[in-house]
Amino acid sequence: MSKQLDQLIQSYNLILFDAKCVLCSAWANFMIKHDPRYQFKLVSVQSDLGQQILKKYHFPTDHFETMLLLEKGQLFTESTAFLRVMESLDFPYNILRYGKFVPKFVRDFTYRRIALNRYQLFGKTEDCYVIQASDKQHFLLDDVLR
């Protein structure tokens with residue numbers, strides 16, 4: 001299983017997101033709408049695949065504090081992950097690439113304030129994000145491990 005997981009991680013640009021977070025689910029919807037070239041695959045941290053990836057990279061599997069981006073196996077977190085995704089999208093979103101000129105400690109401080117308070121600010125659902133059949137190509141699902 002580990003070899004298969006490693007191959008998946010090397011084959012795709014993966015965005016891991018909290019599927020019970022309203023803000024994170026909105027992020028997934030944003031990516032579906034604005035990534036028509038399927039540059040990224042979305043993976044819920046609550047899924048078996050998401051849990052295996054979290055374990056592999058030594059992240060907690062029971063509470064989630066950051067979006068993770070894996071670009072062909074290279075890990076990015078917090079504001080850097082967000083900015084790397086945005087710069088890959090079309091105009092006007094790719095303008096956010098200039099956010100990298102803001103010092104990382106400032107960007108990450110801001111990112112953490114939002115991430116740590118996202119349930120209070122935006123809400124949380126008891127149900128995980130529901131993937132529509134028309135959007136499946138944007139996701140990497142557990143069945144890829146079978």
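## Report on a predicted α/β model

From the N terminus on, the elements of the protein follow the order α-β-α-β-α-β-β-α-α-α, and in this predicted model they amount to six helices and four strands. Of the 146 residues of the protein, 42% count as buried. Its accessible surface comes to about 8300 Å², and 57% of that surface belongs to carbon and sulfur atoms. Among contacts in the protein with a separation of 6 or more, 70% are accounted for by residues 24 or more positions apart.

### Helix H3 and its surroundings

Helix H3 covers residues 48-56, and within H3 the residues Leu49, Gly50, Gln51, Ile53 and Leu54 are buried. Which elements do the buried residues of H3 pack against? They pack against H1, strand S1 (13-17), strand S2 (41-44) and S3. After H3 comes His58, which has a positive phi, near 60°.

### Salt bridges

A search of the whole structure finds five salt bridges, and three of them are set out here, with the distance given between the closest N and O atoms or from N to O.

| Salt bridge | N to O distance | Accessibility of the acid | Accessibility of the base |
|---|---|---|---|
| Asp6 and Lys56 | 2.7 Å | Asp6, 29% | Lys56, 35% |
| Glu71 and Arg84 | 2.6 Å | Glu71, 17% | Arg84, 27% |
| Lys104 and Asp108 | 2.4 Å | Asp108, 4% | Lys104, 41% |

The salt bridge between Asp6 and Lys56, at 2.7 Å between the closest N and O atoms, links distant parts of the chain, since Asp6 lies in helix H1 (residues 2-11) and Lys56 in helix H3, 50 residues apart. Asp6 is partly exposed, with a relative accessible area of 29%, and Lys56 is also partly exposed, with a relative accessible area of 35%.

The side chains of Glu71 and Arg84 meet in a salt bridge of 2.6 Å, N to O, and this pair too links distant parts of the chain, with Glu71 in strand S3 (residues 68-71) and Arg84 in helix H4, 13 residues apart. Is Glu71 buried or exposed? Glu71 has a relative accessibility of 17%, and because this is under the 20% limit, Glu71 counts as buried. Arg84, in contrast, is partly exposed, with a relative accessible area of 27%. The charged end of Arg84 also sits over the ring of Phe76, 4.1 Å from the centre of that ring.

The salt bridge of Lys104 with Asp108 has its closest N and O atoms 2.4 Å apart, and both residues lie in helix H5, four residues apart, about one turn of the helix. An α-helix has 3.6 residues a turn, so residues three or four places apart point the same way. Lys104 is partly exposed, with a relative accessible area of 41%, whereas Asp108 counts as buried at 4% relative accessibility.

### Helix H5 beyond the salt bridge

Helix H5 runs over residues 104-116. Ala115 lies in this helix and counts as buried, with a relative accessibility of 8%. Ala115 and Thr66 are 49 residues apart in sequence, yet 6.5 Å apart in space from C-alpha to C-alpha. A further arrangement of a charge and a ring is made by Arg113, which lies over the face of Phe109 at 4.7 Å from the ring centre.

### Aromatic pairs and a nonpolar patch

The count of aromatic pairs in the model comes to five. Why does the pair of Tyr98 and Phe101 count as stacked? The ring centres of Tyr98 and Phe101 are 6.4 Å apart and their planes lie at 15°, so the pair falls under the 30 degrees that stacking requires. Ring pairs also link Trp27, Phe30, Phe82 and Tyr93 into a cluster.

Phe101 is found in the loop between helix H4 (78-88) and helix H5. Phe101 counts as exposed because its relative accessibility of 64% is over the 50% limit, and Tyr98 is exposed as well. Together with Phe91 and Ile95, Tyr98 and Phe101 make a nonpolar surface patch of about 520 Å².

Definitions and conventions. Residues numbered from 1 in each chain as written. Predicted model: local features only at pLDDT ≥ 70, side-chain atom pairs only at ≥ 80, totals over all residues. Heavy atoms only, no water. Patch = residues over 30% accessible without salt bridge, like charges linked within 9 Å, V, L, I, M, F, W, Y side chains within 5 Å. Areas by Shrake-Rupley, 256 points an atom, 1.4 Å probe, with all protein chains shown as cover. Helix = DSSP H or I, 4+ residues; strand = E, 2+ residues; numbered from the N terminus. Buried < 20%, exposed > 50% of the residue type's maximum accessible area, 1.4 Å probe, protein only. Phe/Tyr/Trp six-rings, centres within 6.5 Å; stacked < 30°, edge-to-face > 60°. Lys NZ or Arg CZ within 6 Å of the ring centre and 35° of its normal. Contact = heavy atoms within 4.5 Å.
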